[in-house]
Structure formats: structure tokens, C-alpha cells
Amino acid sequence: MGIIVKDKVFTIHTKNSTYQLKVDDKGVLLHTYYGARTDETDYSYTIMAADVGFSGNIAASVDDRTYSLDFFPQEYPVLGSGDYRVNCLEMDLGQGVKDCMLFYDSHTIYSGKYSLPGLPALFAEEGDNVETLEIVMKEDKEEVYVHLLYGVFFDADIITRAAFIENKSGKEVSISRMMSAGVDFSHSDYDMIHFHGRHANERNMERVPLFHGIFELRSTRGTSSHQHNPFVVLAGKNTNEEMGECYGMALLYSGGFHMQAEVDQRGYARLVMGIDDSDLDWRLADGDIFTVPEVMMGYSKDGVGNLSRSYHNAVFHHLIRSKWRDRQRPVIVNNWEATYFDFDGEKLLDIASQGAKLGLDMLVLDDGWFGKRDDDYSGLGDWVVNEKKLGCSLKELVDKVNDMGLSFGIWVEPEMISEDSDLYRQHPDWAFVVPGREPIRGRSQLVLDMTRDDVIEYIEQRLFALLDSANIQYIKWDMNRSLAGTYSGQLRCERQGEVRHRFVLGLYRVLEDLNKRYPELLIEGCSGGGGRFDMGMLYYTPQIWCSDNTDAIERLRIQYGTSFAYPMSSVSAHVSVCPNHQNGRVTPFKTRGICAMQGTFGYELDLSLMSDEDKELAKEQVETFKKHYRLFQFGDYYRITSPFDNPDFTAWEYADKDGREAYLAVVFTDVHGNPLPHMVRFKGLVPDGSYKVYEDGAVIGSRTGAALMNAGVLLPIPKESYDSTSFYVSMEG
Ligand code: DGJ
């Protein structure tokens, strides 16, 4: 199987990678290798001991100045060990200093995957080739134990890591930094690929070389954020989509996070990732345990595209628990950009009846259906249907929508409270506000203190009442601001450094309860679009609204960046009206459809105002999407060109896992006089196979897989700005 232990060397194999740790003669846990699959039994020969000067020597090294943790590769480096690089653990054991030292204590190996109470984690199903390694490290002087957890997903080529700390010291321990994982590399000839952005412009890919010093990304916003995504790739200098080695690290967490990549004095690189430690101060009482979230690590020697596909497969098979993972998701019409807050029951029924004619599956009623909510200044927290606005009860509305052949979904933003709400008037202390200070508002709203049991109970009670009141099959769970002033009236002041993490635990608790009580419910995550697009949320919500930017051309970049870690079946994307509401751009209806089909697909416009021509196109789009659904949801995804590098067109492809069929989409992002010919090459086909080739649904010939993959298909000349086309190939016979 995947984990081999010999002479205190732990060698972990996945199908294509090997990861190795070693307990040395002093009891220190060294990290000796991570890379391509090999059979070497002990990589510690790669570590060069030397007296490099000004590097600490632990007591166990006695007079040996060549033994220093300041440059030895370690598995879980701590502050206080003479290692001056970024570390994984800083804790005060009661002396007012944050020094500690860990030594190997014991280990266990078992079949299956560990789980993390209250936190998302990858899971194994019956028959999966998955094992767990748990290594226990003991603090040198105190009865404090750090458990390092490894989940080995052999077939998926993924290793997970997480950790928990157990305090048996008889006193309180305070933790100010505890990373989920650190990985040391024997050189630093890498680029860091990361995904930055802002609201309505998420996950722009950036590739920068590592440098002597610390490259860091963090979110202190209490959410994973639009600004940075908790997923990074370390790629060799020559690594591209198809070639070269690279490593991925993703955090399964929806709160603030911290990632650091340091190149040290000897040119070694260290990558650490975990929860945001900017204000962390976790007071761990004697007998208690503190657990940090999981990271998902992947390695590919065949380029970043292959790494992404490993992540997609692992997320799909081992992270998404919802029954909707394997089901055909509904093609939705959402009323947000159609009406914003200005709707009544009749308008919604009008949209639904148009949607039924186009073959859509579901109407989603967005913001504005509850309490006093005709704009975004009031009402959050009052999750009671505004029957006056709807002109009927919610059940009556839903029944009518169902009668038209559509299912029904509804928007909620349960973590929030408006000051102008009955809830706030009754419970002003339920909102995060630092006593004696004015609140920091975001979108004119405050955040509920989800560290409190009574708040959680209220949210659940309101959500359950809503879901029990009508035939609701989907909710869109939104969250429209960053956290600030996170003071909880229920915690003593020394414990305020726990609030942001406890908030996330509160969120996960509600989402867990919701999933348990309504296993058939499809939940879409959202945070002003993609402000919380992370692995943590995907554990509870199998799809996430990717961005509040619905412009097809900007979505090319946003969806491209998102595809590095997250399967496209989790990326929610809709066709919206033109000129686009976010940037005023006009794009062909066809192109908007092709871009939205890259993800879960749906519409977000007033269907009754569409031209007859667009309605015909929409019907065709819905048919095309449903026809190729299996390919889109279960196929392998290939980024064919990058919207960041290729100014003329962006292309992507879905190929069946057995290579028998594939769909390739192309969107032209520029037009030229006297245009040049462009070929685009398919991936993932069977070279000897003979394929029927369709362009925009019409047969254009037959080609071998080898021809399609080596020569490719000739792109048509764009007929207008932002034109697009699609190719579908299917193996004959
Ligand atoms: C932000 C979301 O991303 C939008 O799609 C919409 O649901 C609004 N919130 C509603 O307030």
C-alpha cells in the first residue's frame, strides 16, 4: 500500500509521487523528499550538514555545530528550535515566550481516512485505496502533543495533511500560530503560481519567481477572500501546462488564511500554509484539543494541467459529499440581474413561464423576498417571507412554479444582520461590534456572532422553517462582506483571538446540520460572487457562484484561474444581459452561452425581454448543455490557451476519461483585418481512433485522434467582436 515504515523512515507513495519523512537519531522529524515516484528507501543522504555559522544548535546535538534545524529540512518546524525561517507552530507554554521544541513520540497507520471534527476534510469511500498515517510529536519539556495527520489517496495522487494539538500539561497553553503543513524543498528554482483579485475580478493567475526572503499571501478578512485564493502551485522554471514538475497546496478552509514561501540562506525553499495567524490567540485549556484544517497536496511531473486534473478528480470523488455530485444539476434562471430588488410574484412567474419554454429546470429567487428588503440597507436576519411583495405565500408561489415544470430555489445570507431589522432591534448584542466603538459596516450590514450557540440556533430555526414551508430544492448561500470588529460578548477578553476561527466553525456547523437534515438540497455557495471559493466550502456546497462579474469575456479569466484547483462542475456561471451590467460590454448571445457552459450553466436576465432570435439560441444552448452534460460534469478538463497570454482567443476542452468524445470551445477576444489562420489541438483523445468532427453542431468531417491532437482543427475567422465557436468530436464505431 502507500505507506511504508522502516527504521523510522516513513515513505508515502501515491501512484505517481513519493513523500518521505525520517525521525533522526535525535528524535527530530525531518522531511527528506517530495517528488516523482521513486523507490529510494532513505533520502536523508541529500541533507548536507555543515557549520554555517549563526545557526542554532539544539541541545541534543551536543557539540556538533553542523547539526542545525536552521537549514535542515523539517516536517513541522517550530519557533524556538534555532530555526529562524517561517515555522508551523508558535505557542506559549506558560512562560511568556513562544518557544517550544518537538520530538517524535509514536505513530500509527490505518486503512481509510482520518476525519476532522467540525472541519471539512477529504473522505474515502468503501474500496478506495486510502490510508492514514498519524505521527505524534511531544513537546520537549511539557505534556503537550502535536499529532501530524497524513491522508494518502493513492489513486488520486493526493496527500492530505492536518494537525491537532493535545494539551495534557496541567496548565493553559496559548497558540498564536499553527499551520496545517509545511514542506521543505531541497532547492528554490521555482515559480509561485497564485490567484489574486478583487470583487468581480477574482482569481487572476500570476506567476512569480521565488526569491531570497518571504513571499506571502494572506487573507485577514475572515473569509478566504476575493483578493487571494488559498491555493498555490510551485512550478519548475520550465514547467508549463503539459510538461515539467509542479506541486500544489490547497487549504480546506473558508476563513482567513496565510501562505508563506521562504527561500533561506542556503537556497532551500519552504512552503507553509494554514489559518490566518494575524490575530490568532487560541487558549488551550488542560485536557483540550485544537485542530487545524486540512491541506491537499499534489505533485505532477507532467505539467500544471495534469496537477489540476488530479485536484479536480480528488475534489469530485473525495470532497464533494452532496448527492448532487453525481446528479445532473438544474439549469437555472436566477432573477437577480433581471429584477434586482424590484419584483413581485407575477414578475417571478413570468420569468418562470418563459424559462419553462426554453427548457430550463429551476427558478431561483434571489435577494429581496423577506422582511423589509427593497434595497441592501435593511432586513437581513428577518427571514420571514414578505407576502405583501410576493402577493401570495411562498408555498403558493413555489407550487405555481412547480406546476410550470420548474423546481424552485431561494437566496439566503444567514451570517448577516442589518441594523434596520427586527432581529437587530431584539438582539443588538448578536452582531460583531467592539464595545464602545462604532461598528465597521460592509454593504451597510453587520456580521452575526456565529461563535454563539443562541445565534446558531436562531439561524438554523429560521432556515429550517423556510425550507419546510415549501418545496425548495436549492439555496444560494451568500455572504456579502469581510469580517471586522470581531468581538464576541460571550468570550473573555483574552479569548478574543479565537473569534475568527470560531466564526468559521459556527458556519461549518450550520452547513453540516443543513446537509444532514436536507440531504436532497442543492446548496450553492456565494460570497459576493467568488469571495469564498475554496475547498472548505465545496465540502458543504457542491457549486459556488464564481463571480458577480457576468461579462463573458472577463469570466474567461476568472474561470481560467478558478480551474487550476476547482473542477468546472463546481463553477457556477450564467448568461446575462448586454450591455453587461458590470462593465457595459456587448458580446454575442452565443458567446455568453459558451462561456456559461464552461461551468454549471444558467441564465440571469429577464427572459421575457429577450428577442425571439435569442430565445431560439437559448433553447439550443440548453439542449447542447444537456446533451453534453456527462462530458462537462465527469470529463477531464484541459486549458488549451490562456486568456492571460493569448490576446486573440481562449480555448478549453472537456474530454471523456476514455477519450471517446470531447468538446472544445473557443472564444475570440480580438479581431483583425487580414486575420491569421489559427489551429487548435485537442487533448486526451485516442490516437488511433477515428472521430466524427462537428463545428457548432454541424458535421465537418472525420479525423483521427492523432490528427486532432497533433495538427488540430482550423479555427474559423471571427465574424464579429467576441465571436465564438465550439467543436465536438465523437469516436466512430
Ligand atoms: C451578491 C451575489 O453574488 C449576487 O449574485 C446576488 O445574490 C446579490 N449578492 C444579492 O444581494
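A polar contact is a pair of N or O atoms within 3.5 Å; within protein, one atom must be able to donate a hydrogen and the other to accept it. The model described here is predicted.

**Gln 621 and its surroundings**

One such contact joins the side chains of Gln 621 and Tyr 603, at 2.6 Å. Gln 621 sits in helix H12, which covers residues 612-627. Is Gln 621 buried or exposed? Its relative accessibility is 6%, so Gln 621 counts as buried. Tyr 603 is one of several contacts that Gln 621 makes beyond its neighbours within four places in sequence. The others are Val 575, Phe 589, Lys 590, Gly 593, Met 597 and Phe 601.

**Two helix pairs**

Two packed helices are described by the angle between their axes and the distance between the axes. The table gives both values for two pairs.

| Pair | Angle | Axis distance | Crossing |
|---|---|---|---|
| H7 and H8 | about 30° | 10 Å | right-handed |
| H11 and H12 | about 25° | 10 Å | right-handed |

Take H11 and H12 first. Angles under 35 degrees count as roughly parallel. H11 and H12 pack at about 25°, and they are therefore roughly parallel to each other. From H11, the residues that meet H12 are Phe 589, Lys 590 and Gly 593. On the H12 side stand Asp 614, Leu 617, Ala 618 and Gln 621. This contact divides into three nonpolar, two polar and two charged residues. Gln 621 thus appears again, as part of the H12 side.

Now the other pair. Helix H7 spans residues 453-469, and helix H8 spans residues 499-517. H7 and H8 are likewise roughly parallel to each other. H7 brings Asp 453, Ile 456, Ile 459, Glu 460, Leu 463, Phe 464, Leu 467 and Asp 468 to the contact. H8 answers with Gly 506, Arg 509, Val 510, Asp 513, Leu 514 and Arg 517. By type, the residues of this contact are seven nonpolar, one polar and six charged.

**Two enclosed helices**

Buried means under 20% relative accessible area. How many residues of helix H11 (residues 589-596) are buried? Seven of the eight are, so H11 is largely enclosed by the rest of the structure. The buried residues are Phe 589, Thr 591, Arg 592, Gly 593, Ile 594, Cys 595 and Ala 596. Phe 589 and Gly 593 also belong to the contact with H12.

Helix H10 (residues 552-562) is largely enclosed too, because nine of its 11 residues are buried. Its buried residues include Ala 552, Ile 553, Arg 555, Leu 556 and Ile 558. Gln 559, Tyr 560, Gly 561 and Thr 562 complete the buried set of H10.

**Backbone points to look at**

Most residues other than glycine have a negative phi, and most peptide bonds are trans. Three places in this model call for a look on that account.

Where is there a cis peptide bond? It joins Cys 578 and Pro 579, with omega about -5°. Pro 579 is in the loop between strand S29 (575-576) and H11.

The other two places are Asp 7 and Lys 8. Phi of Asp 7 is near 50°, a positive value. Phi of Lys 8 is also positive, near 60°. Asp 7 lies in the loop between strand S1 (3-6) and strand S2 (9-13), and Lys 8 lies in the loop between S1 and S2 as well. Asp 7 is exposed, with a relative accessible area of 66%. Lys 8 counts as partly exposed, at 42% relative accessibility.

Note on methods: Residues numbered from 1 in each chain as written. Predicted model: local features only at pLDDT ≥ 70, side-chain atom pairs only at ≥ 80, totals over all residues. Heavy atoms only, no water. Helix = DSSP H or I, 4+ residues; strand = E, 2+ residues; numbered from the N terminus. Buried < 20%, exposed > 50% of the residue type's maximum accessible area, 1.4 Å probe, protein only. Contact = heavy atoms within 4.5 Å. Axes fitted to C-alpha atoms, helices over the stretch in contact; angles between N-to-C directions. Parallel < 35°, antiparallel > 145°, perpendicular 65-115°, else oblique. Left-handed = near helix turned anticlockwise from the far one by under 90°. Nonpolar A, V, L, I, M, F, W, Y, C, P; charged D, E, K, R; others polar.
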